[in-house]
Amino acid sequence: MTREIHNRIAMFRADAGMTRRELAEAVGVNPQTIGFLERGDYKPSLELALSMAEVFGVSVELLFSFEPFPSLSQALQKGRE
């Protein structure tokens with residue numbers, strides 16, 4: 001059984017002001033791998049997922065999920081309720 005993995009890599013990367021190349025260097029992969037991950041074309045190894053979470057200073061669950069993440073506008077709206 002293969003499950004889709006959703007991620008917030010692009011959001012965290014942009015928030016950190018990092019390019020794909022800079023993130024790739026920080027976690028020891030090719031910059032193309034970051035693009036593949038962001039588009040959902042590639043699933044990270046556990047080691048890579050943990051390394052990326054460490055770079056951003058968040059738990060792996062904030063970065064990756066089996067369930068789609070709510071849009072930022074949905075999350076903000078929910079926070080106002």
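Is Ile5 buried, partly exposed or exposed? At a relative accessible area of 26%, Ile5 comes out as partly exposed, because buried means under 20% and exposed means over 50%. Keep in mind that this is a predicted model.

**The chain as a whole**

Let's step back from Ile5 and look at the fold. The chain is built from six helices and two strands. Walk along the sequence and you meet them in the order β-α-α-α-α-α-β-α.

How does the radius of gyration compare with that of a compact globule? For 81 residues, a compact globule would come in near 12 Å, and the chain has 13 Å, so the two agree. If you'd like box dimensions, the C-alpha trace spans about 40 × 35 × 20 Å along its principal axes.

As for burial, 27% of the 81 residues count as buried. The accessible surface adds up to about 5700 Å², and carbon and sulfur atoms own 51% of that. Take the contacts in the chain with a separation of 6 or more: 55% of them link residues 24 or more positions apart. On the charge side, there are 9 positive and 11 negative charges, and their mean positions sit 5 Å apart.

**The nonpolar core**

Now for the inside. The largest nonpolar core has 16 residues, and the members that touch the most others are Ile9, Leu23, Ile34, Met52, Phe56 and Leu63. Helix H1 (9–15), helix H2 (20–27), helix H3 (31–39) and helix H4 (46–56) each put in at least two residues. H4 is the top contributor, with five residues.

Start with Met52. Setting aside residues up to four places away in sequence, Met52 touches Ile9, Leu23, Val27, Ile34, Leu37, Leu63 and Phe64.

Leu23 is one of the partners of Met52, and its place is in helix H2. Leu23 is buried, with a relative accessible area of 0%. Beyond its neighbours within four places in sequence, Leu23 is in contact with Ile9, Arg13, Met18, Ile34, Met52, Val55 and Phe56. Leu23 and Ile9 are 14 residues apart along the chain, with 9.7 Å between their C-alpha atoms.

Phe56 lies in helix H4. Phe56 is buried too, with a relative accessible area of 14%. Its contacts, again leaving out neighbours within four places in sequence, are Ile9, Phe12, Arg13, Ala16, Met18, Leu23 and Leu63. Phe56 and Leu23 are 33 residues apart along the chain, and their C-alpha atoms are separated by 9.7 Å.

**Around strand S1**

Back to where we began. Ile5 lies in the segment before strand S1 (6–7). Which residues does Ile5 contact, leaving aside neighbours within four places in sequence? They are Lys43, Phe64, Ser65 and Phe66. Ile5 and Phe64 are 59 residues apart in sequence, yet 6.6 Å apart in space from C-alpha to C-alpha.

His6 lies in strand S1. With a relative accessible area of 19%, His6 counts as buried, because the cut-off for buried is under 20%. Apart from neighbours within four places in sequence, His6 is in contact with Leu63, Phe64, Ser65, Phe66, Glu67, Pro68 and Phe69.

**Two more side chains to look at**

Is Glu38, in helix H3, buried or exposed? Glu38 is buried, with a relative accessible area of 16%. Not counting residues up to four places away in sequence, Glu38 touches Asn7, Ile9, Ala10, Arg13 and Arg20. Two of those partners are arginines, Arg13 and Arg20.

Leu46 lies in helix H4. At 61% relative accessibility, Leu46 counts as exposed, since exposed means over 50%. The C-alpha atoms of Leu46 and Val60 are 9.5 Å apart, and the two residues are 14 positions apart along the chain.

Here are the accessibility values side by side:

| Residue | Relative accessible area | Class |
|---|---|---|
| Leu23 | 0% | buried |
| Phe56 | 14% | buried |
| Glu38 | 16% | buried |
| His6 | 19% | buried |
| Ile5 | 26% | partly exposed |
| Leu46 | 61% | exposed |

Conventions. Residues are numbered from 1 along each chain as its sequence is written. This is a predicted model: local features need pLDDT of at least 70, side-chain atom pairs count only at pLDDT 80 or more; totals for chains, interfaces and linings use all residues. Side-chain values use heavy atoms; hydrogens and water are left out. Helices (H or I, at least four residues) and strands (E, at least two) are DSSP runs, numbered from the N terminus. The radius of gyration is taken over C-alpha atoms; the globule rule is 2.2 Å times the number of residues to the power 0.38. Buried means under 20% relative accessible area, exposed over 50%, partly exposed in between (1.4 Å probe, protein chains only). Contact means heavy atoms within 4.5 Å. Accessible areas come from the Shrake-Rupley method with a 1.4 Å probe; for residues, only the protein chains shown count as cover. Lys and Arg count as positive and Asp and Glu as negative; His and the chain ends are not counted. The place of a charge is taken as NZ of Lys, CZ of Arg, CG of Asp or CD of Glu. A nonpolar core is a set of buried Ala, Val, Leu, Ile, Met, Phe, Trp, Tyr and Cys residues joined through side-chain atoms within 4.5 Å.
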